[in-house]
Amino acid sequence: MARNLGFLVVALLVLASSCESAIFSPVSDSHRSAALELFSPIDGSFGSLEETYEALQTFEVLGIEKKPDIRTSACASVVDTLQSTSSALKDLVHALRVNGILKCDLKNEAFRGIESRLKDSLNAANSLLDFYYSVGGLMLVKDQTSAVDVHLGDADKIFRSIKALSQSDGRWRLSSNNPESSNDAAGIALETLAGVISLASSEIDHSLIATLKNDIAKLFDGIEKYDDGTCYFDEKLVDARGHHGPLSASASVVRGITAFAAVTSESLNLPGEKILGLGKFFLGVGIPGSAKDLGSVPLILSLPATVLSVTKNDQLKVRVSTVLGSSAPPLSVKLMQIFVSGSKDASIIDQKLKFDPDNSVHVLEKLPSNVNVGNHIFSFEIVFDDPEHKKNYVTGGRTKVPIHVTGIIKIDNAEIAVLDSDLGSIETQKKLELPGENAVALSANHLQKLRLSFQLITPAGQAFKPHQAFLKLRHEGGVEHIFVVGNSGKKFEIVLDFLGLVEKFYYLSGRYEIQLTVGDSVMENSFLQPLGHIELDLPDAPEKAARPPPQPVDPYSRYGPKAEITHIFRAPDKRPPRELSLAFLGLVLLPFFGFLAGLVHLRANINNWPKSTVPATFASLFHVGIAAVLLLYALFWFKLDLFTTLKVLSLLGVFLMFVGHKTLSHLASTSAKLKSA
Amino acid sequence: MGRSGTTKDAQALFQSLRSAYAATPNNLKIIDLYIVFAVATAVIQVVYMAVVGSFPFNSFLSGVLSCVGTAVLAVSLRIQVNKENKEFKDLPPERAFADFVLCNLVLHLVIMNFLG
């Protein structure tokens, strides 16, 4: 069964066979729900202030309305950090950031204390991060309260000391000791310098700002690009803050440039396609970047559905929006060209799509008539209604999108016939309804041929060549044979000459089930159909013919119960009849009685038994001991095991030794006395 | 003629043996009787085995060896107790008897284990 399905491949082709036509879609609810899942508070708080800030910032950027309520714990933490004199610079800044979003109640004295601390650390700063946090803190204080004066008197000097850390390729170093430079540090530096410019009490020297613009231009020269137009800033070195990768480096640079663009009145003249590339990079990573206010807003053209059915008359829909999903200015989308994948055909259409304001999609109501089923690449162009918008929005020229056009393929003139080999005359011929139910019953012998033929026609009326066209013959014993149905341009036909196939069929005569499979990814009605059966009469197998391969065993039987095993035991030995055994038992006891009789005859006596009490008891005990040991042996044979027996025997043995020694030594002394006497 | 001669000789030999045997001390005669008893038991067991087959073999061995073993121990007792034996002059017969009892007990422990 699995083999059948394996042959019927009705998978859709993978989009974007070439990177040139990747699809990007703007921020959606899936991003928002992912963010909510990622940032879920534990016990009403996020842990550190940094995490709290990141969570709140993400919710704000993505436009999530329903946030978890962590206000009380966060505000408490903020107030603590801002009022304590031992907080680190970084913690102060994070606390201020959280305060900026949550707007906790902070007194002006607290702000004054923070402001003096920040200014002190700014004067004492010697690394880029120190500058960054001090200036950033001052900016936040400025935003949150007007009661404190945060302006910098010596802004020029600070500007120059930060600029001293820059390098000729546009990157920045983190401190003067550290020779390694990075894009990440460049972003931080730009943000800091923008802050300095905005905090300056007097105008900063214009030449300094001009050199900074040059630096930014040099930084953009070092941008990395993918083939599909995405651009990003990469980090080659691991810096003090750890290797964060292209995402954080690009985000840092974009943040810096945004901040700088906001404080200068002049334009930055950044290359438009690189900004679009950055926007695509952030979208491609799945996170919206801070490309909001870069000056040029990238517009993304997206399609909700890239598989269209010709038979169902699907309409082509196109959406144009900004990176974060907000709507684009009034514009129109034109379908310029249609390329057919895999061939050089290209038809020039130049048709404008109709704009549906309710759903804000551009719709192509009817596909051009010459679009056949298959893979195509549609080339779109965005045309602004107002030419002014061209300055503010970046479209990226022609956008190529792969479209997969499917349709119902008609099967015509399907018939199956049995032909006589020599003359080619038809013995039986049956018409088939495909793809429908068929149950033909044919019979043939090895001198005849089987012919199957049909035509495939697309909705546009052209001949169609599917990926798969197989004919399968399955014997009742399970042996299967598969043949590919060849086509001759117009018609699909297969002729099975049984004379030549006799050996392939392992000379198995009998009933063969016929099955036809026709399939393709653009064919909406691909099918795998049993057509009926054919009784084949093949000659008998000669001696040396190949055996049919063994059929696979039902996989479930491997784990099922196995056959019952009947054990064959050795035949038990013959035992003698009971009476014989008993007779011999009596016979064995006879010598014993003979022994007793002989003892009597010899006048054996126990006159030497001791007369006095103590020796007499010892003598009795001796005999009792021996009897006990023999009784123990009898018990050992009947039921005890060796260990118990040995244990008891050891005790009895010790007793017997003692008693026996006493008795025998008494006897010995008695006989010695007699001898001497 | 020869046959009667041999028979007569055999009879005369037998008589002399009998009379010589009568002279042995009584205790030795008791031991001899015991030995005869043990051997007779062994022979009967062998005959039984010959009739019914040797299954279970270990039981047969156990029985036969018990008889043979105890006969051997009795023989050694007889040697040690015999006063005419110069070699064991200094060995008190009680000591020999104690050895006999001990060895028999050990033998029968092994026999009972092997009997199965």
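This report walks through chain B, the nonpolar cores, a surface patch and the aromatic pairs of a predicted model.

## Chain B at a glance

Chain B is built from four helices and has zero strands, so to speak an α-α-α-α pattern when read along the sequence. It has 116 residues, and 34% of them count as buried.

As for contacts in chain B with a separation of 6 or more, 68% of them come from residues 24 or more positions apart. The chain exposes about 7,200 Å², with carbon and sulfur atoms supplying 69% of that area.

## Two nonpolar cores

The largest nonpolar core takes in 81 residues, and Leu128(A) and Trp172(A) are the ones that touch the most other members. Which helix gives the most to this core? That's helix α9 of chain A, residues 183–199, with 10 residues.

Apart from that one lies another core, this time of 41 residues. Its members include Ile411(A), Phe464(A), Met523(A) and Ile534(A).

## A nonpolar patch on the surface

Over on the surface, Leu582(A), Leu585(A), Leu589(A), Phe592(A), Phe593(A) and Leu596(A) make a nonpolar patch of about 580 Å². One of them, Leu596(A), lies in helix α15 of chain A, which covers residues 578–601. Leu596(A) counts as partly exposed because its relative accessibility is 37%, between the 20% and 50% cut-offs.

Two of the patch residues turn up again in an aromatic cluster: Phe592(A) and Phe593(A). The cluster also contains Phe595(A), along with Tyr34(B), Phe37(B), Phe97(B) and Phe100(B) from chain B.

## Aromatic pairs

Over all chains, the count comes to 17 aromatic pairs. Phe454(A) and Phe492(A) form a stacked one, at 5.5 Å centre to centre and with 5° between the planes. Phe454(A) sits in strand β18 (residues 448–457) of chain A and Phe492(A) in strand β22 (residues 491–497) of chain A, so this pair ties together parts that are 38 residues apart in sequence. Both Phe454(A) and Phe492(A) are buried.

Then there's Phe57(B) with Phe60(B): stacked or tilted? The ring centres are 5.8 Å apart and the planes are at 35°, so this pair is tilted. Both residues lie in helix α3 of chain B (residues 57–81), three residues apart, which is about one turn of the helix. How do Phe57(B) and Phe60(B) fare for accessibility? Phe57(B) counts as partly exposed because its relative accessibility is 45%, whereas Phe60(B) is buried, with a relative accessible area of 15%.

Terms used. Residues are numbered from 1 along each chain as its sequence is written. Chains are lettered from A and ligands numbered from 1 in the order in which they are written. This is a predicted model: local features need pLDDT of at least 70, side-chain atom pairs count only at pLDDT 80 or more; totals for chains, interfaces and linings use all residues. Side-chain values use heavy atoms; hydrogens and water are left out. Helices (H or I, at least four residues) and strands (E, at least two) are DSSP runs, numbered from the N terminus. Buried means under 20% relative accessible area, exposed over 50%, partly exposed in between (1.4 Å probe, protein chains only). Contact means heavy atoms within 4.5 Å. Accessible areas come from the Shrake-Rupley method with a 1.4 Å probe; for residues, only the protein chains shown count as cover. A nonpolar core is a set of buried Ala, Val, Leu, Ile, Met, Phe, Trp, Tyr and Cys residues joined through side-chain atoms within 4.5 Å. Patches are made of residues with over 30% relative accessible area and no salt bridge: like charges are joined within 9 Å, nonpolar side chains (Val, Leu, Ile, Met, Phe, Trp, Tyr) within 5 Å. A salt bridge is a side-chain nitrogen of Lys or Arg within 4 Å of a carboxyl oxygen of Asp or Glu. Rings of Phe, Tyr and Trp (its six-membered ring) pair if their centres lie within 6.5 Å; planes under 30 degrees apart count as stacked, over 60 as edge-to-face and the rest as tilted.
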